[in-house]
Amino acid sequence: MPGLALFVAFRLYPLLDGLRLSFTNARLGRAQYAFVGLANYEKLLEDTRFHVSLVNTAFYAVASTLPILAIPLALAVALNRGVSLRTFLRGAFFFPFTLSVVTVGLTWLWLLDPVVGPLNYYLKALGLPARSWLADPATAMWAIILTSVWWVTGYYLVIYLAGLQDIPRELYEAAALDGAGGWRSFWAITLPLLRPVFLFVFVTHIIGSFQIFGQVFILTQGGPGDATRTVVQHLYETAFQNFYQFGSASAMAWVLFAVILVFSLLQFRLLRGHTQY
């Protein structure tokens with residue numbers, strides 16, 4: 001009961017009240033909210049910055065998916081083979097995930113600095129031109145993707161490693177007796193039996209991608225221009241910087257909720273299935 005009470009008070013009630021606000025003209029300091037029906041949702045159809053933020057968010061989600069799926073898996077497979085210092089390496093890879101998004105953002109803000117950043121320093125040392133990674137529309141979003149991949153790789157590595165260690169070793173031994181090499185065993189045994197892990201990583205990453213805010217807020221503030229503006233960044237500015245339009249911001253939140261729900265259902269539909277040995 002205490003847990004249920006906390007859930008209702010701090011999760012369910014704000015969720016439903018946000019839905020109610022999305023049908024009103026609620027603003028900070030306005031005592032009475034007028035019911036405006038679907039007006040806030042209709043405004044989103046004409047809000048070009050919201051459209052841009054939605055496209056940017058979708059691009060981030062798609063472009064970051066392959067690195068998030070592949071890099072932690074490759075590291076987990078390597079560590080699962082009993083390399084030396086496995087415990088130390090696992091902790092080292094996981095350590096960035098223990099940092100707050102502000103710490104991660106400020107760290108990469110320094111690393112990518114066009115004047116004093118180490119990345120540009122080594123580029124100059126190699127005779128390559130330095131770049132303003134976060135001020136260039138062509139590279140700003142990729143810099144944010146790089147930051148996110150570096151941040152969460154250790155977390156997904158541990159998830160993959162747990163899944164790999166749950167696969168019976170007898171299957172690999174039987175495959176080796178039948179003449180299967182490393183790649184054949186990986187494609188025929190490892191990948192199929194990691195289906196539940198892939199589903200978890202895929203769904204949680206897509207949900208997190210559509211909710212990205214901290215990295216963008218610290219590194220670029222949605223710039224240059226609107227090149228890295230995401231839905232949550234636009235929602236935040238609408239709710240807390242642009243005349244405190246809580247009604248419009250709530251409508252954006254529910255549109256985002258619908259998008260995440262559709263993507264999650266599609267992923268469950270495509271990747272669901274029971275793993276059988």
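Here are a few notes on helix packing and the nonpolar cores in this predicted model.

1. Start with α3 (residues 48-80) and α4 (residues 86-94). Their axes sit 10 Å apart, and the packing angle is about 160°. Anything over 145 degrees counts as roughly antiparallel, so that is the label this pair gets. The crossing of α3 past α4 is left-handed.

2. Who touches whom there? On the α3 side you'll find Leu75, Leu79 and Asn80, and they meet Arg86, Leu89, Arg90 and Phe93 of α4. Sorted by class, that contact comes out as four nonpolar residues, two charged and one polar.

3. Now for the largest nonpolar core, which has 40 residues. If you want its best-connected members, look at Leu73, Tyr160, Ile167, Leu194, Phe198 and Val201, which have the most contacts inside it. At least two residues each come from α3, α5 (101-111), α7 (140-165), α8 (169-177), α9 (182-193), α10 (195-210) and α11 (214-219). The largest share belongs to α7, with twelve residues.

4. Ile167 is worth clicking on, being one of those residues with the most contacts inside the core. Skip its neighbours within four places in sequence, and Ile167 is still in contact with Tyr172, Ile189, Thr190, Leu193 and Leu194. Leu194 is on that most-contacts list too.

5. Don't overlook the other core: apart from the 40-residue one lies a set of 17 residues, including Phe210, Val231, Ala239 and Ile260.

Note on methods
Residues numbered from 1 in each chain as written. Predicted model: local features only at pLDDT ≥ 70, side-chain atom pairs only at ≥ 80, totals over all residues. Heavy atoms only, no water. Axes fitted to C-alpha atoms, helices over the stretch in contact; angles between N-to-C directions. Helix = DSSP H or I, 4+ residues; strand = E, 2+ residues; numbered from the N terminus. Parallel < 35°, antiparallel > 145°, perpendicular 65-115°, else oblique. Left-handed = near helix turned anticlockwise from the far one by under 90°. Contact = heavy atoms within 4.5 Å. Nonpolar A, V, L, I, M, F, W, Y, C, P; charged D, E, K, R; others polar. Core = buried A, V, L, I, M, F, W, Y, C linked by side-chain atoms within 4.5 Å. Buried < 20%, exposed > 50% of the residue type's maximum accessible area, 1.4 Å probe, protein only.
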